[in-house]
Amino acid sequence: MKPMGPIPPEFAAQTGALTIAGQSAGAWMEGREGPVFVYDPTIVASRVARFRAAFPSIDLHYAIKANPFAPLLAAMAPMVDGFDVASAGELAKVSPLGKPISFAGPGKRDAELTAAISAGVTLNLESEGEAHRALTIADGLGVRPRLAVRVNPDVELRGSGMKMGGRPSPFGIDAERVPALVRELIAAGADWRGFHIYAGSQALDPQAIIDTQAATIALAARLADEAGHAPPLVNLGGGFGVPYFAGDKPLPVETVGQALEQALASRPAILADSRFAIELGRWLVAEAGVYLARVIDRKDSGGETFLILDGGLHHQLAASGNFGTVVRRNYPLAVAHAMGAEAVETVSVVGPLCTPLDRLGDRVALPAARVGDIVAIFLAGAYGATASPAAFLGHPPADEIIGGSA
């Protein structure tokens, strides 16, 4: 038997039939031919409220790459201060929602730069070449572009799942070259919007985040001093993790918030009038989503029992261990009609794909499950449907539903 990660608190105490956003898993699956992602917006709202209490002076941006499902974005628009996008496709999803937008990501095409500049979006510039293309395009449009500089910091976020600073990187401009570029942008007449400094993601160590945020503030002040201009906004990135695996502990964001508020209270003078933002993705939405799939077969092989589902890694790649993890570990999952019930067997939960990679639960202890029963995989609200190879082997995509919709 291998352990599973912790079920999110909104579901962990349930007994009997799993309820998501006020309906049972069976009700959400009724009339559907395949798997479904269900998102509970009240869980997202609770995460936002917790952030607001912990970081009262910080703007909250949602990085929509975590989950760009349109009804979820519409539900989140009143909750957040802005959206962060990484493509023209994402930009199109949030443009009608009336919130400030910033656009990051290396390799922006000219058409994307043109669309962003025309729409008044803040471009987080990833290179000097991109900066020069943006200025040329803006000049041709007769528009004053909103340009921020994404910094490749000389610090990395310790313990993060994906490090995005402190090393050679396609993301951002090396810190020592940033001041000269800021001066060039301002001299060219651009509306310089500040710095975007992102050091890593999926961190659960509060002290690592505290130390990184303090270093980021110091770096922003140093770069501003060298450039001779105060940044209107400093985007501190995010990096807040969620507990996916056995032994993971929830991040105490209140501890992080208290330290950040103290650091900002004594920040260098050049940052006195700067706004600060944190952009979050998975921390806001991961625990709000559940992936539901049915058992279509049950078989024994070599002394091991397999539950074969009608859904798998083509919908929920991360749960299979093939999305950035080095060692495969089990996401939390449950038999949906038997929440809180005693585990009576050890099984491996696999999908329908013709590949051994399609394993969603490796020798996990569960209550008895029969053909037709529903298995729930938690933490499916981030990097699920759109981060998975939905076209692989020609299986149909999963449905997506937000609580309160039919």
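Start by selecting Val-85 and Phe-103: in this predicted model, Val-85 stands opposite Phe-103 in strand β6. Now widen the selection to β5 (residues 82-85) and β6 (residues 101-103). These two strands run parallel, joined by three bridges.

Stay with β5 and colour its residues by side. Gly-82 and Asp-84 lie on one face, Phe-83 and Val-85 on the other, and all of them are buried. Both faces of the strand are thus covered.

Next, bring in β4, residues 59-63. This strand also runs parallel to β5, again with three bridges between them. Click on Tyr-62 and you will find its bridge partner in β5, Phe-83.

Now show the helices that go with these strands. Select α4 (residues 70-76): together with β4 and β5, this helix makes a right-handed β-α-β unit. Then select α5 (residues 88-94), which forms a right-handed β-α-β unit with β5 and β6.

From here, turn on a pocket display. The largest pocket has a volume of about 460 Å³. It is lined by 24 residues, and the closest to its centre are Pro-100, Ile-101, Ser-102, Thr-122 and Leu-233. The strands from the earlier stops come back here: β4, β5 and β6 each give two or more residues to the lining, as do β7 (122-125), β8 (146-152), β11 (191-197) and β13 (233-235). If you highlight just one of them, try β11, which gives the most, with three residues. Colour the lining by class and you get nine nonpolar, eight polar and seven charged residues.

Time for some charges. Which side chain meets Arg-150 in a salt bridge? Select Glu-126: the N to O distance is 3.0 Å. The two residues are 24 apart and link distant parts of the chain, with Arg-150 in strand β8 and Glu-126 in the loop between β7 and α7 (128-141). Are these partners buried or exposed? Arg-150 has a relative accessible area of 5% and is buried, and Glu-126, at 4%, is buried as well.

For the last stop, centre the view on Asp-362, which is buried at 9% relative accessible area. Its side chain meets Arg-359 in a salt bridge of 2.9 Å, N to O, and Arg-363 in another of 3.3 Å. Arg-359 counts as partly exposed at 22%, and so does Arg-363 at 36%. Add Lys-2 and Glu-304 to the selection, and you have one network of five residues joined by salt bridges that share partners. The structure holds 19 salt bridges, should you wish to go on exploring.

Key. Residues are numbered from 1 along each chain as its sequence is written. This is a predicted model: local features need pLDDT of at least 70, side-chain atom pairs count only at pLDDT 80 or more; totals for chains, interfaces and linings use all residues. Side-chain values use heavy atoms; hydrogens and water are left out. Buried means under 20% relative accessible area, exposed over 50%, partly exposed in between (1.4 Å probe, protein chains only). Helices (H or I, at least four residues) and strands (E, at least two) are DSSP runs, numbered from the N terminus. Two strands pair if DSSP finds at least two bridges between them. A crossover is right-handed if, with the strands pointing away from the viewer, the path from the first strand over the helix to the second runs clockwise. On a 1 Å grid over the protein atoms alone, a cavity is a set of points where a 1.4 Å probe fits but cannot get out, and a pocket is an open set with protein on both sides within 12 Å along at least five of seven lines; lining residues have an atom within 4 Å of a point. Grid points are joined across faces, edges and corners, and a volume is the space filled by probe spheres set on the points. Ala, Val, Leu, Ile, Met, Phe, Trp, Tyr, Cys and Pro count as nonpolar, Asp, Glu, Lys and Arg as charged, and the others, Gly among them, as polar. A salt bridge is a side-chain nitrogen of Lys or Arg within 4 Å of a carboxyl oxygen of Asp or Glu.
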